[in-house]
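Let's take a walk through this structure together, one region at a time. Keep the 3D view open and turn it as we go.

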Amino acid sequence: MALETCTIDGDRLNFELAELGKIGLGEEGGYYREAFSQADMDGRALVEVYMKEAGMAVTRDAALNSVGRYEGQDESLPPIVIGSHTDTVPRGGNYDGALGVLSGIAVVRALFLAGVRLKHAVEIINFTGEEAVAPGGTFGSRVMTKHFNEELLEQTVYTGDTFREHLEKAGVIIEKLAAAERLQGSAAGYVELHIEQGGILDEENISIGVVSGIVGFRRYRLVFPGTANHAGTTPMDKRDDALIKAARFTLAVKETAERHGIVGTVGTLQVDPGAPNVIPGSVEITFEMRGLDDSVIDAAQKELKSSADELKASFDKYSHKPSVISSTEIVGALEEGCRKAGLDYIVMPSGAGHDANLMARICPVAMLFVPNRDGISHSKDEYATPEACVNGARALLHGIIELDKQI
Ligand SMILES: [Zn+2]
């Protein structure tokens with residue numbers, strides 16, 4: 001049978017989403033499939049059944065990532081990998097992650113039922129511990145790409161156990177984690193479909209976003225000096241108010257980010273001594289910037305550093321994650337997939353990190369976004385229409401078929 005007969009069974013995809021959505025549902029709505037909880041493991045087991053029913057051989061690696069494999073025609077080629085996660089934040093939604101895994105299964109089911117084998121094997125991976133409920137997040141893809149920081153094992157998780165104990169209770173053998181590692185080049189490419197989480201596609205009524213890259217971020221800590229003094233007796237022109245300086249800087253972050261076309265946010269602020277009748281003597285803030293082009297963030301950082309210098313503030317960068325640029329080849333294949341599926345699309349960056357960030361360390365990656373209502377995620381109000389889900393799976397199917405031809 002030919003590739004042309006491959007079609008996504010949309011009803012089946014939405015049925016599986018609904019069935020998975022019966023696992024870990026809290027009383028007041030929202031999902032509690034936190035990493036390695038019983039509900040998470042139950043959800044993973046169900047998804048493995050769906051993988052088998054779609055013609056895949058299923059294994060679990062040492063990080064408990066579920067891997068469903070549908071063989072290709074040429075055993076010498078590395079697989080095309082489609083992945084995401086089915087764990088949730090507490091009171092999370094049923095689409096963030098789950099849609100990516102189940103639409104991958106829908107793609108393989110389409111091939112399987114049409115009796116088609118691509119050149120490359122297709123692997124669907126349901127990664128473990130993606131949400132940062134597990135310390136650091138993206139546990140499964142970090143282990144797979146040799147980027148797991150073992151110090152996190154001693155951190156305490158939401159159950160009160162250490163992460164090590166939490167993993168061991170779920171059946172992970174810590175000493176054997178390295179067995180899940182994969183080598184550079186061991187996959188031909190990695191594609192992840194995800195709800196958009198930004199609200200652009202929903203607002204503009206666009207079916208698909210093809211992701212040009214995942215923005216990097218940098219986080220900074222600043223301390224603004226001042227002189228604590230009586231708020232009643234000190235005249236306005238005799239004050240050295242640390243919070244006024246922090247406020248000026250906060251506006252500078254907004255204006256600088258806007259000017260450079262990136263996003264910048266002052267997210268925390270601590271006022272010392274912090275009393276209504278005392279002029280602030282010291283203020284500590286943290287802020288972050290995110291953007292796709294590291295050189296643009298460099299420029300914004302330089303400007304804000306000089307603003308901080310003028311205000312006599314300390315300026316400390318404490319976290320830096322470089323951006324991930326999508327493979328032009330995979331983006332091209334996914335765009336062609338959208339056209340073949342008759343779907344309108346835009347090419348856009350991702351403001352959030354995903355398992356794709358890690359997989360980019362071992363193979364070319366790209367992502368597809370589908371619209372979710374008002375861009376809301378990590379919430380019980382997270383929702384994507386059945387039609388949006390099916391459109392995403394259709395774009396993914398045709399994109400994967402294109403990719404298989406091109407590489
Ligand atoms: Zn996610």
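A good place to start is the largest pocket, which holds about 610 Å³ of space. Bear in mind that this is a predicted model. The pocket is lined by 25 residues, and those nearest its centre are Ala-132, Gly-136, Phe-217, Lys-321 and Gly-353. Strand 7 (216–225), strand 12 (314–321) and helix 10 (355–359) are the elements that each give two or more residues to that lining. Strand 12 makes the largest contribution, with three residues.

There is also enclosed space to look at. The count comes to one cavity of 30 Å³ or more, and the largest cavity has about 30 Å³ of space. Its walls come from Arg-69, Glu-71, Gly-72, Asp-74, Glu-75, Leu-77, Lys-119 and Ala-121.

Arg-69 is a handy signpost, since its bridge partner is Glu-123 in strand 4. That takes us to strand 4 itself. How many of the six residues of strand 4 are buried? Six of the six residues, 122–127, are buried, so the strand is largely enclosed by the rest of the structure. In a regular strand, side chains alternate between the two faces of the sheet. Here both faces are covered: Val-122, Ile-124 and Asn-126 are buried on one side, and Glu-123, Ile-125 and Phe-127 are buried on the other.

Now for the neighbours of strand 4. Strand 2 (residues 66–70) pairs with strand 4 in the antiparallel sense, over five bridges. Strand 3 (residues 80–85) runs parallel to strand 4 and is joined to it by six bridges. If you want a spot to check by eye, find Gly-83, which stands opposite Ile-125.

To get from strand 3 to strand 4, follow the chain through helix 3 (residues 98–113): the three elements make a right-handed β-α-β unit. Helix 3 has 16 residues and spans 22 Å from its first C-alpha to its last, close to the 22 Å expected at 1.5 Å a residue. Of those 16 residues, 14 are buried, so helix 3 too is largely enclosed by the rest of the structure. Just after helix 3, Gly-115 takes a positive phi of about 70°.

Strand 3 also leads us to the metal. Which residues coordinate the zinc ion? The donors are His-85 (NE2), Asp-96 (OD) and His-194 (NE2), at 2.0 to 2.2 Å. Their spacing in sequence is H-x10-D-x97-H. His-85 is in strand 3, while Asp-96 is 11 residues away in the loop between strand 3 and helix 3. Both His-85 and Asp-96 are buried.

Finally, a few backbone oddities. Most residues other than glycine have a negative phi, and most peptide bonds are trans. Gln-197 goes against the first habit, with a positive phi of about 70° although it is not a glycine. You'll find Gln-197 in the loop between strand 5 (189–195) and helix 6 (200–204), and at 22% relative accessibility it counts as partly exposed. His-378 also has a positive phi, near 55°. His-378 sits in the loop between strand 15 (365–370) and helix 11 (386–406), and its 39% relative accessibility makes it partly exposed. As for the peptide bonds, the one from Asp-272 to Pro-273 is cis, with omega near 0°. Look for Pro-273 in the loop between strand 9 (263–272) and strand 10 (278–279).

Key: Residues numbered from 1 in each chain as written. Predicted model: local features only at pLDDT ≥ 70, side-chain atom pairs only at ≥ 80, totals over all residues. Heavy atoms only, no water. Buried < 20%, exposed > 50% of the residue type's maximum accessible area, 1.4 Å probe, protein only. Helix = DSSP H or I, 4+ residues; strand = E, 2+ residues; numbered from the N terminus. Pairing = 2+ DSSP bridges. Right-handed = clockwise from strand over helix to strand, strands pointing away. Expected span 1.5 Å × (residues − 1). Donors = N, O, S within 2.8 Å, 3.2 Å for Na, K, Ca; no water. 1 Å grid on protein atoms, 1.4 Å probe; cavity = no way out; pocket = protein on both sides within 12 Å on 5 of 7 lines; lining within 4 Å. Points joined across faces, edges and corners; volume = space filled by probe spheres on them.
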